[in-house]
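I opened the notebook today to go through this structure one topic at a time. Here is what I looked up, in the order I did it.

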Amino acid sequence: RKKIELPLQTGIMGIKDVITEYFLEFWDYETPKVIVVKSRTLGITYRIVQLLIIVYFLWYYVFLTQKAYQDRETGPESSVITKVKGLAKSDPSIHRQKIWDVAEYVKPPEGVGVFSIIVRTVSSPLQSLKTCPEAITVSNSQCSTDANCLEGEMDHFGNGQKTGKCVRYNDNIYTCEIFAWCPAENDEAPSESITEFAPNLTIFIKNNIYFPKLKFSRGNILEDSDSSYLKNCTYDKIASPYCPIFKLGYIVKEAGETFENLTKEGGVIAVIINWNCNLDLAATNCIPRYTFRRLDSKKSAASKGYNFRFAKYYLLNGTEFRILVKAFGIRIDVIVHGQAGKFSLVPTIINIATALTSIGIGSFLCDWILLTFMNKNEVYSGRKFDEV
Amino acid sequence: RKKIELPLQTGIMGIKDVITEYFLEFWDYETPKVIVVKSRTLGITYRIVQLLIIVYFLWYYVFLTQKAYQDRETGPESSVITKVKGLAKSDPSIHRQKIWDVAEYVKPPEGVGVFSIIVRTVSSPLQSLKTCPEAITVSNSQCSTDANCLEGEMDHFGNGQKTGKCVRYNDNIYTCEIFAWCPAENDEAPSESITEFAPNLTIFIKNNIYFPKLKFSRGNILEDSDSSYLKNCTYDKIASPYCPIFKLGYIVKEAGETFENLTKEGGVIAVIINWNCNLDLAATNCIPRYTFRRLDSKKSAASKGYNFRFAKYYLLNGTEFRILVKAFGIRIDVIVHGQAGKFSLVPTIINIATALTSIGIGSFLCDWILLTFMNKNEVYSGRKFDEV
Amino acid sequence: RKKIELPLQTGIMGIKDVITEYFLEFWDYETPKVIVVKSRTLGITYRIVQLLIIVYFLWYYVFLTQKAYQDRETGPESSVITKVKGLAKSDPSIHRQKIWDVAEYVKPPEGVGVFSIIVRTVSSPLQSLKTCPEAITVSNSQCSTDANCLEGEMDHFGNGQKTGKCVRYNDNIYTCEIFAWCPAENDEAPSESITEFAPNLTIFIKNNIYFPKLKFSRGNILEDSDSSYLKNCTYDKIASPYCPIFKLGYIVKEAGETFENLTKEGGVIAVIINWNCNLDLAATNCIPRYTFRRLDSKKSAASKGYNFRFAKYYLLNGTEFRILVKAFGIRIDVIVHGQAGKFSLVPTIINIATALTSIGIGSFLCDWILLTFMNKNEVYSGRKFDEV
């Protein structure tokens, strides 16, 4: 065995000989010398340690938990189409009776994955651009003299630009006059709400996913469902877990909320669709799992509930008017996530090889026992180690 | 070699000596004893097995397929801006002639990544809140006496609340009277459509991605494109694969659909932008690839096509009126996904080391051949194994 | 050691004996023979190489950079709720004075993660479906005789369908007559803008994330913030990095833009919320980091800025009219990404074992030194290698 040292030591052999020798040695097979210790105790210990490592690491963790024998893919392409159905009527109270259909309570109407169902509205009177007293719901809007109202000032939370005058709001109260969409909105005015009917509204969710690497697509409307079933079913965790039609009341209940709270201030609820597909099994085993969770925190006083404002515009005698609507709603965020895996040979081998390196821990442990605690450890260490 | 056993066996050496000895031994170098088998057969077998493993695992799988020498990142930050252009005219038929521009057929108008192009509409007459007969398209709406109409009932799929009367719908048919937005919508009424013109509408898609870990950003509008090219090109897989303007007709065709089907019931089509960037090459090699796929299943009878309803509001003599529009459209979902990778030394070394552990399989195989099939295997095994 | 060769060589021993022998050998413990080289130089070299590998690979890269001792999860479920507040007034100029509140400048109003703040509008006159001269801003719209205007033609970038007549646009110019929403939009008409006030608009962003695998949720409104703080704070990178209220002017400045540029042509700005949570620490250490980036490229002449068109509809004497609004705005895309990790025993062990395989590089190096450069390398190689 005089491989590479030759040119450095002697220098007599030509470079050709070195290469020849090196080439010949390339075809030798080297295998480590091994000491066989015929000790039952040590052997059993070693095998048990090996077994534990194999069972726990390789079987339980790498294979069962991590599914490392599969090519895995997360974050599928996903598309969500939603459609809300149902009718509601707002309480007559001081307002007109009003029938609410889809066009009234779903915003935006296009059936995307994030949408709001309006359950309560506060509508302003018909507004146009002119001057009027600021609403008393705006902090610091009250005044006693014109001097309290700085002309040209625009309050960040107000409704318009101060004209500099202090005018009568009602019998007792004076507020600064503003140039704004007048009369100014009073967002504590009586509201119209559909609390009673909203729980019965139904949301149809159509979700298609596609894993581009694994070339696998799947939808939440199972192919074996017939159309009459789909028209009349409603989702229930236990009774009909594959029905893609969800009652709003059910969603709210599953998210751990009561409808009364949500109707008052609004809220945001996630409908989470979770796909966990093992493509080594039949495609029919790849089934969506639905969960529901409230997304806006109830506690935080600074940001409770969910509402938004929009306007409807009218033209009357050449002047533009609008009605400003403050809408309290339940926003539904359909969130899709998923993962899929399929057996693949190479990751299997690499992962097994990797996990088996952990078995070295077993050898390390047993060597230590051998050289330390065994009766004849002097003998063993003499045989194992060859000092130079 | 009496390392750790000393304190346990003799106990005479002080702890200091043990530490000294241990410290000295720490600087020894240990290397395994090796048997060199000068067998051409075995050597060649071993080298071939090694070669196969290296070529297939390391080269093909780890390097070419998995690009394991790179720091990889998936799921870039992405933003999509869309702009639809083009004009269309709906057939006069019983309706007025109508010119459709962007404001008429794109919903929502803001140019986000998910939007609908309305290709057919069914408009209700001018509606207000009053009483009228229920539409006959609603199932179970027909009646013969008032007793068939339960006062106060609201049908989930109906248009309003029953007043309890049975009234004449037309010459032959009676339906329950309802309080609703009246006259009730008949969604099988004649429609306006732009089938003929819609395929020529163009969609401009601006997509920017950013990989935060690799700090790399890129857009689908290639920097070398001049503005006159971008104003007039249209995407074609072969002729102009980098033009970001897509004809609606081309998208539909590539998704495997015919325009006639889509116009009738509507549908959802994904424009998938796939980025696969190797940052070891020049940035100009990082180029988007577009694919098109229909997302709603055509088969499912329960959920065919894509449509949504919205209303336009008018104020006439102090009363609110609306026109309810049922819009059938082609929804475009722009879906972006991508991955990027850049050479990094440490994952390269770790992955090589990991893959090389698989080479142990070669040693295992050759040891087995050596000890089982070789002529002189007794000799070999005598040299390899040293029993204690 | 005559394990498997027996049946093949002699054939005399029964299969039972072979199994028995094999079973007995299964409980033997094998450990490699090792040569101990008592060379300080080599030992130190070996330990230094080992140390470097351990420090750099294991400690720096695997543990600090990759946090490989953790179960890691990226791509949390995320929901974003936004709310814009503030008032603005457009310059009187030739237009009426107009107060802009949320309902006027935020589109869509529902408070989703992608929305536009309109900062400049060009409004068409009141339009209805009739005939009028094409706008001169449309290229090739000018004509001198009827022959220039092909009857029935619809220009892709035009406003309507040509009637075939050439009519007077103004004193000097003739354009083709079109059937369209008339009078045709002139998008270079005077505009209303709120440049002066827009920087003071505030955007409240509520973001909740949830890591489903690690079962960890968190919001960007820190629980210890009191509600009066949240009502009045504005985000500042240094002074108040946890305030979820952002001034539009601040966002624009941080994105490296000036407000004047953005107001003129519009633009798209990303507010990126980055969560990087180490769940081995207290939850209060899991804090969002905000960055801002302009998403549409300023350079590209073909696609500068951001604008969209929408219409408001009116009914006057039974005829539908509309006002077409071309809105230039600042679109805000709230982009959330994050990752979280938590200590987990098995990945720790597997990653250590994997990284340690790289230490083999150290042995390889030292073996080479030993057999090549050491004084007594003939001795060493004689002891290490045992030729057969």
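**Entry 1: how the copies relate.** Before looking at the axis, I noted how copies are superposed: by least squares on the C-alpha atoms of residues with pLDDT of at least 70 in both. I also kept in mind that this is a predicted model. Two copies of a chain are related by a rotation about an axis and a shift along it.

I laid chain A on chain B, which took a turn of 120 degrees and a shift of 0.0 Å along the axis, with an RMSD of 0.1 Å. In chain A, the residue that comes closest to the rotation axis is A:Lys33, its C-alpha being at 3.1 Å.

Then I did the superposition for chain C on chain B: a turn of 120 degrees, a shift of 0.1 Å along the axis and an RMSD of 0.1 Å. That is how a three-fold axis relates copies. Which residue of chain C comes closest to the rotation axis? I found C:Lys33, at 3.1 Å for the C-alpha. The copies use different surfaces, as 20% of the contact residues of chain C recur in chain B.

**Entry 2: helix H3.** Next I followed H3 in chain C, residues 40-65, and found a bend of about 25 degrees at C:Trp59. Its buried residues include C:Leu42, C:Tyr46, C:Ile53, C:Phe57 and C:Phe63. Just after H3(C), I came to C:Lys67, which has a positive phi of about 45 degrees.

For chain B, I noted that helix H3 (residues 40-65) bends by about 25 degrees at B:Trp59. Among the buried residues of H3(B) are B:Gly43, B:Val49, B:Gln50, B:Leu58 and B:Tyr61. B:Lys67, just after H3(B), takes a positive phi of about 45 degrees.

In chain A, I turned to the surface. A nonpolar patch there is formed by A:Leu51, A:Val55, A:Tyr56, A:Trp59, A:Tyr60 and A:Leu64, with about 640 Å² of accessible area together. I picked out A:Tyr56, which sits in helix H3 (residues 40-65) of chain A. Its relative accessible area is 39%, so A:Tyr56 is partly exposed.

**Entry 3: salt bridges.** How many salt bridges are there over all chains? My search of the whole structure gave 33.

I started with C:Glu104 and A:Arg322, whose side chains meet at 2.7 Å, N to O. This pair crosses between chains: C:Glu104 is in helix H4 (residues 102-105) of chain C, and A:Arg322 is in strand S19 (residues 319-343) of chain A. Are the two partners buried or exposed? C:Glu104 is buried at 6% relative accessible area, and A:Arg322 is buried at 1%.

I also wrote down a network of salt bridges that links A:Lys98, A:Asp101, A:Glu104 and B:Arg322.

Within chain C, I looked at C:Lys237 and C:Glu254, which form a salt bridge of 3.3 Å, N to O. C:Lys237 is in the loop between helix H5 (227-232) and strand S14 (245-247), and C:Glu254 is in helix H6 (residues 248-254), so the pair ties together parts that are 17 residues apart in sequence. C:Lys237 is partly exposed, at 46% relative accessibility, and C:Glu254 is partly exposed at 25%.

My last pair was C:Arg294 with C:Glu257, a salt bridge whose closest N and O atoms are 2.9 Å apart. Here strand S16 (residues 289-294), holding C:Arg294, is linked to the loop between H6 and helix H7 (259-265), where C:Glu257 lies, 37 residues apart. I found both C:Arg294 and C:Glu257 buried.

How values were computed:
Residues are numbered from 1 along each chain as its sequence is written. Chains are lettered from A and ligands numbered from 1 in the order in which they are written. This is a predicted model: local features need pLDDT of at least 70, side-chain atom pairs count only at pLDDT 80 or more; totals for chains, interfaces and linings use all residues. Side-chain values use heavy atoms; hydrogens and water are left out. Patches are made of residues with over 30% relative accessible area and no salt bridge: like charges are joined within 9 Å, nonpolar side chains (Val, Leu, Ile, Met, Phe, Trp, Tyr) within 5 Å. Accessible areas come from the Shrake-Rupley method with a 1.4 Å probe; for residues, only the protein chains shown count as cover. A salt bridge is a side-chain nitrogen of Lys or Arg within 4 Å of a carboxyl oxygen of Asp or Glu. Helices (H or I, at least four residues) and strands (E, at least two) are DSSP runs, numbered from the N terminus. Buried means under 20% relative accessible area, exposed over 50%, partly exposed in between (1.4 Å probe, protein chains only). Contact means heavy atoms within 4.5 Å. The bend at a residue is the angle between axes fitted to the seven residues ending there and the seven starting there.
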